[in-house]
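Colleague: I'm new to reading protein models, so could we go through this one together, a question at a time?

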Amino acid sequence: MGGLQRFEQRLESMISGAFARTFRSAVQPVEIAAALERELDNNAQILSRDRRLVPNTFHVELSSTDLERLAPYDSTLARELSDTLKKHADGQAYVFPGPIHIDFESADDLTTGRFRIRSQAQAKVTGTATHTQVRRAHALLEVNGSQHPLQPPGLVVGRGTDADIRINDPGISRRHAEFLITLGREGQDPLIEVHDLGSTNGIRIDDRKVPRATLRNGSAVKVGNTTLTVRIVETMQDAETPGWADV
């Protein structure tokens, strides 16, 4: 018996067949499972001879009718789909950069029985700051849905355990880049800079590789496959258009 058949049988047994009856004329869960597995296969990136990086964040878009039918079972389905993807990844030597997230969303242009999937490899991010430090910060770094305070003199971003913000991205060096911040006078934006620390893949801003840069509110710095966005808290409404300049 194949993995997708076992997946379907588990779902039916868990909810006494109600799921199968509900979805008789709509999107079938096994179809979503098969499409998610193909999403891994089609987007696998070679890390080494025996390891390939695959997406771990998935958005399953459905018609409003199908989404409404799925709503009572979405958490159960997401959990079972995640388990199925983990087993498929183990068999193919795939590596997830972080926890698996599966969301179900409505799409106005889809009819009943149709769906599509958007995926992304989103690295797990670990920081050491407290919620209080985030609330009191004059500037923040936003990365993969999390916020990290940028306080003088600055912080180091990397994959190693000694980095202030640790990002589980194989394209990032152990100590990849350093963000420096100097607070200005009252009413003035802080001075924020980023410096490459001799990383393998460097840092990119606006698709250009630079060794260092001065940043403003909204500046996006790409390290590996991950983007960090600068947010200046106190003067955000008066901030200029996002950009950068070589130091």
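Modeller: Sure! One term before we start: a pocket is an open set of grid points with protein on both sides within 12 Å along at least five of seven lines, and lining residues have an atom within 4 Å of a point. Also keep in mind that this is a predicted model.

Colleague: Okay, which elements give two or more residues to the lining of the largest pocket?

Modeller: Start with the list of lining residues: Gly127, Thr128, Ala129, Gln133, His148, Pro149, Gln151, Pro152, Gly154, Leu155, Asp164 and Ile165. Now hold that list against the strand ranges, 146–149 for one strand and 154–158 for another. The elements that give two or more residues are strand E9 and strand E10.

Colleague: And how many charged residues are in that lining?

Modeller: The space in the largest pocket is about 190 Å³. Sorting its lining by class gives 5 nonpolar and 6 polar residues. Asp counts as charged, and Asp164 is on the lining list. The number of charged residues is 1.

Colleague: Where does Pro153 lie?

Modeller: Look at the peptide bond from Pro152 to Pro153, which is cis, with omega near 0°. Pro152 is also one of the residues lining the largest pocket. As for Pro153, its place is the loop between E9 and E10.

Colleague: What about closed spaces: what volume does the largest cavity have?

Modeller: Here the probe fits but cannot get out. Counting cavities of 30 Å³ or more gives 1. Its lining is made of Leu53, Pro97, Ala121, Ala123, Asn168, Asp169, Pro170, Asn225 and Thr226, which by class is 5 nonpolar, 3 polar and 1 charged residues. The volume is about 30 Å³.

Colleague: Thr226 is on that cavity list, so let's look at strand E18 (residues 226–232). How many of its residues are buried?

Modeller: A residue is buried when its relative accessible area is under 20%. E18 has 7 residues and is mostly covered. The buried ones number 5.

Colleague: Which residue is the bridge partner of Ala139 in E18?

Modeller: Strand E8 (residues 139–143) pairs with E18 in the antiparallel sense, over 4 bridges. Ala139 is the residue at which the E8 range begins. Its bridge partner in E18 is Ile232.

Colleague: E18 also forms a hairpin with E17. Which residue in the turn has a positive phi?

Modeller: Strand E17 (residues 220–223) and E18 run antiparallel, joined by 4 bridges. One of the pairings puts Lys222 with Thr227. The hairpin has 2 residues between the strands, and the one with a positive phi of about 60° is Gly224.

Colleague: Positive phi turns up in residues other than glycine too. Is Asp206 buried or exposed?

Modeller: Asp206 has a phi near 55° and lies in the loop between strand E14 (203–205) and strand E15 (208–210). Its relative accessibility is 54%, and the cut-off for this class is over 50%. So Asp206 counts as exposed.

Colleague: Then how does Asn144 count?

Modeller: Asn144 isn't a glycine either, yet its phi is positive, about 50°. You'll find Asn144 in the loop between E8 and E9. Because its relative accessibility is 25%, Asn144 counts as partly exposed.

Colleague: Is Thr57 buried or exposed?

Modeller: Thr57 sits in strand E3 (residues 57–62). Leaving out residues up to four places away in sequence, Thr57 touches His101, Arg118, Ser119, Gln120 and Gln122. The C-alpha atoms of Thr57 and Ile100 are 5.8 Å apart, though 43 residues separate them along the chain. At 7% relative accessibility, Thr57 counts as buried.

Colleague: There's an open sheet with the order E1-E2-E4. Which are its edge strands?

Modeller: This sheet has 3 strands and mixed pairing. E1 and strand E2 (residues 51–53) run antiparallel, joined by 3 bridges, and Gln45 stands opposite Leu53 in E2. An edge strand pairs on one side only, which here gives strand E1 (45–48) and strand E4 (94–95).

Colleague: Last one: what percentage of the protein's residues count as buried?

Modeller: The protein has 6 helices and 19 strands. It exposes about 13,500 Å², with carbon and sulfur atoms supplying 43% of that. Of its 247 residues, the share that counts as buried is 41%.

Notes: Residues are numbered from 1 along each chain as its sequence is written. This is a predicted model: local features need pLDDT of at least 70, side-chain atom pairs count only at pLDDT 80 or more; totals for chains, interfaces and linings use all residues. Side-chain values use heavy atoms; hydrogens and water are left out. On a 1 Å grid over the protein atoms alone, a cavity is a set of points where a 1.4 Å probe fits but cannot get out, and a pocket is an open set with protein on both sides within 12 Å along at least five of seven lines; lining residues have an atom within 4 Å of a point. Grid points are joined across faces, edges and corners, and a volume is the space filled by probe spheres set on the points. Buried means under 20% relative accessible area, exposed over 50%, partly exposed in between (1.4 Å probe, protein chains only). Two strands pair if DSSP finds at least two bridges between them. Accessible areas come from the Shrake-Rupley method with a 1.4 Å probe; for residues, only the protein chains shown count as cover. Contact means heavy atoms within 4.5 Å.
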